[in-house]
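Please find below my note on the model, set out as numbered points. The aromatic contacts come at the start, and the strands and the overall totals follow.

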Amino acid sequence: MKKPTLAIAAALAGATLGFGHVAIAQEQTATAQFVDQSGAEIGTATLTGTSEGVLVEAEVRGLPGDNWVGFHFHENGECDPQGGFQSAGGHFNPTGREHGYRVDGGPHAGDMPNQYVPADGVLRAHVFNSAVALNEGDAALSGRAIVIHAGADDYESQPSGDAGDRLACAIIE
């Protein structure tokens, strides 16, 4: 039996790969600059959109140390420190779900796990959210906000987890 030539092997491999091949979307990125309640810049986030959701890599300084904080996507791309960041609106919730991981019908697309801020007051986080997209569709984050709250989200109180004041806010651009 003759061995197939390299060209034939490559053609067969290409034909085989053509069936069931899943196109992988090119990664997209966005950035966000966090400001505190005085309007001072205190950190950044890089958001990477994938075919399965969005990875958030954040580093934010000047937060209360030794503390768990709520970390959410909010519906509006506004971060007015004078109004305590209420301009960011509620949690991003394009599908009308309940708030929290511990409730039937939850969570919101903007709900994410609490993050721990160590004694140095610097939050360093890598969080993946599979319920959102960076730029496409109803779950798109571009132009929305990320908010860090003063306390931990309880993952069940409606409508937003009883996480306390909004300490920092960033617009996703």
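1. Two aromatic pairs are present in this predicted model, where rings of Phe, Tyr and Trp (its six-membered ring) count as paired if their centres lie within 6.5 Å, with planes under 30 degrees apart called stacked, over 60 edge-to-face and the rest tilted. One of these pairs is formed by Tyr-101 and Tyr-155, which meet edge-to-face at 5.2 Å centre to centre, with 65 degrees between the planes. This pair links distant parts of the chain, 54 residues apart, since Tyr-101 sits in the loop between strand 5 (71-74) and strand 6 (115-117), while Tyr-155 sits in the loop between strand 8 (145-149) and strand 9 (166-172).

2. Is each partner of that pair buried or exposed, or something in between? Tyr-155 is buried, with a relative accessible area of 15%, whereas Tyr-101 is partly exposed, at 40%; here buried means under 20% relative accessible area, exposed over 50%, and partly exposed in between, with a 1.4 Å probe and protein chains only.

3. A note on the basis of these values: residues are numbered from 1 along each chain as its sequence is written, and side-chain values use heavy atoms, with hydrogens and water left out. As the model is predicted, local features need pLDDT of at least 70 and side-chain atom pairs count only at pLDDT 80 or more, while totals for chains, interfaces and linings use all residues.

4. The protein has one helix and nine strands, in the sequence pattern α-β-β-β-β-β-β-β-β-β; these elements are DSSP runs numbered from the N terminus, helices being H or I with at least four residues and strands being E with at least two.

5. Seven of the strands make an open sheet with antiparallel pairing, in the order 5-8-9-1-2-3-7, where two strands are taken to pair if DSSP finds at least two bridges between them. Strand 5 and strand 7 (123-129) stand at the edges with a single partner strand each, so one side of each is left without a neighbour in the sheet. From one strand to the next, the twist averages 20 degrees, the axes being lines fitted to C-alpha atoms (for helices over the stretch in contact) and the angles running from 0 to 180 degrees between N-to-C directions.

6. Within this sheet, strand 1 (residues 28-36) pairs with strand 2 (residues 41-50) over eight bridges in the antiparallel sense. Among the bridge partners, Gln-28 is matched with Gly-49, Ala-30 with Leu-47 and Thr-31 with Thr-46. Four residues lie between the two strands of this hairpin, in which Gly-39 takes a positive phi near 90 degrees.

7. Strand 2 is also paired with strand 3 (residues 53-60), again in the antiparallel sense and over eight bridges, and these two strands form a hairpin with two residues between them. Gly-49 has Val-54 as its bridge partner in strand 3. As for strand 1, five bridges join it to strand 9 in an antiparallel arrangement, with Ala-170 of strand 9 as the bridge partner of Phe-34.

8. Asn-67 belongs to strand 4 (residues 67-69), and a polar atom of its side chain lies 2.9 Å from the backbone oxygen of Ala-150. Setting aside neighbours within four places in sequence, Asn-67 is in contact (heavy atoms within 4.5 Å) with Gln-115, Tyr-116, Val-117 and Ala-150.

9. Val-117, located in strand 6, is buried with a relative accessible area of 0%. Beyond neighbours within four places in sequence, the contacts of Val-117 include Leu-63, Pro-64, Asn-67, Val-69 and Leu-123. The C-alpha atoms of Val-117 and Pro-64 are 7.1 Å apart in space, although the two residues are 53 residues apart in sequence.

10. For the protein as a whole, buried residues make up 40% of the 173 residues, and among contacts with a separation of 6 or more, 60% are between residues 24 or more positions apart. The accessible surface comes to about 9400 Å², of which 52% belongs to carbon and sulfur atoms; such areas come from the Shrake-Rupley method with a 1.4 Å probe, and for residues only the protein chains shown count as cover.

Definitions and conventions:
Polar contact = N/O pair within 3.5 Å; in protein donor to acceptor, adjacent residues only side chain to side chain.
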